[in-house]
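I opened this model to look up how its helices sit together. My notes follow in the order I checked things.

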Amino acid sequence: MMKQYEQPSGIRNGHPYNFDGDTKLLSDLPENEQKMVLDWVSLYLRPSRNGEHHNAYGLKHLMHSCNNLYISENQMKDALMMFGFEPMNLLEPTWWYRIKVKKRVRPNEVLPLPTIERKSIL
């Protein structure tokens, strides 16, 4: 019998599910932040035909370095599913995809995407 931590991730009700408790979905974000994520995926990610691979964890960090928006790994998986990207192995907690980054994005590079106002906590 599998223990809780050994259960594979997968898809439940048409959305990604992680056994580690990350069940946040893209729809949990405010609409303007959802738009930023979807715009970023639409503009910068394409299916890979030459073997280039990226995982959801790395892509969420790449996006964060570009537009300063932090999302969970599961929210990135949810966004990728909306664009039809399929993980190579659903049983792995971190999903790998046959994805190429359309334009090489460097950390802290400003992208032509909508920005959001954030209140300072200081």
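**Entry 1: a turn after a helix.** I am working from a predicted model. I began at Gly 84, just after H3, where the backbone takes a positive phi of about 85°.

**Entry 2: H3 itself.** I looked up how enclosed this helix is. Eight of the 10 residues of H3 are buried, so the helix is largely enclosed by the rest of the structure. I listed the buried ones: Glu 73, Asn 74, Gln 75, Met 76, Lys 77, Asp 78, Ala 79 and Leu 80. What do they pack against? I found strand S2 (15–17), H1, S3, H2, strand S5 (96–97) and S6.

**Entry 3: Asp 78.** I picked one residue of H3 to follow, Asp 78. Is Asp 78 buried or exposed? Its relative accessibility is 2%, and the cut-off for buried is under 20%, so Asp 78 counts as buried. I then looked for its partners beyond four places in sequence. Asp 78 touches His 15, Pro 16, Leu 25, Leu 26 and Ser 27. I also checked Lys 24, which is 54 residues from Asp 78 along the chain. The two C-alpha atoms are separated by 8.9 Å.

**Entry 4: H2 against H3.** I looked up the crossing of these two helices. Their axes come within 9 Å and cross at roughly 95°. That makes H2 roughly perpendicular to H3. From H2, the contact uses Ala 56, Tyr 57, Leu 59, Lys 60 and Met 63. From H3, it uses Glu 73, Met 76, Lys 77 and Leu 80. I sorted the contact residues by type: six nonpolar, no polar and three charged.

**Entry 5: H1 against H2.** I ran the same check on helix H1 (residues 31–44) and helix H2 (residues 56–67). The axes come within 11 Å and cross at roughly 110°. That makes H1 roughly perpendicular to H2. Met 36, Val 37 and Trp 40 of H1 meet Leu 59, Leu 62, Met 63, Cys 66 and Asn 67 of H2. By type, the residues of this contact divide into seven nonpolar, one polar and no charged.

**Entry 6: the faces of H1.** I checked the length of H1 next. Its 14 residues reach 20 Å from first C-alpha to last, close to the 20 Å expected at 1.5 Å a residue. Which residues of H1 are buried? They are Glu 33, Met 36, Val 37, Trp 40, Val 41 and Tyr 44. They cover an arc of only 125° around the axis, which puts them on the same side of H1. I noted the general rule alongside: an α-helix has 3.6 residues a turn, so residues three or four places apart point the same way. The cover over the buried residues of H1 includes strand S3 (45–47), H2, helix H3 (73–82) and strand S6 (99–101).

**Entry 7: Ser 42.** I followed one more residue of H1, Ser 42. It is partly exposed, with a relative accessible area of 34%. Ser 42 and Phe 83 are 41 residues apart in sequence. In space, their C-alpha atoms are 7.8 Å apart.

**Entry 8: the whole chain.** I stepped back last. I counted three helices and six strands. From the N terminus on, the elements run β-β-α-β-β-α-α-β-β. Of the 122 residues, 42% count as buried. I also looked at contacts with a separation of 6 or more, and residues 24 or more positions apart account for 70% of them.

Notes
Residues numbered from 1 in each chain as written. Predicted model: local features only at pLDDT ≥ 70, side-chain atom pairs only at ≥ 80, totals over all residues. Heavy atoms only, no water. Axes fitted to C-alpha atoms, helices over the stretch in contact; angles between N-to-C directions. Helix = DSSP H or I, 4+ residues; strand = E, 2+ residues; numbered from the N terminus. Parallel < 35°, antiparallel > 145°, perpendicular 65-115°, else oblique. Contact = heavy atoms within 4.5 Å. Nonpolar A, V, L, I, M, F, W, Y, C, P; charged D, E, K, R; others polar. Buried < 20%, exposed > 50% of the residue type's maximum accessible area, 1.4 Å probe, protein only. Expected span 1.5 Å × (residues − 1). Arc of directions from axis to C-beta.
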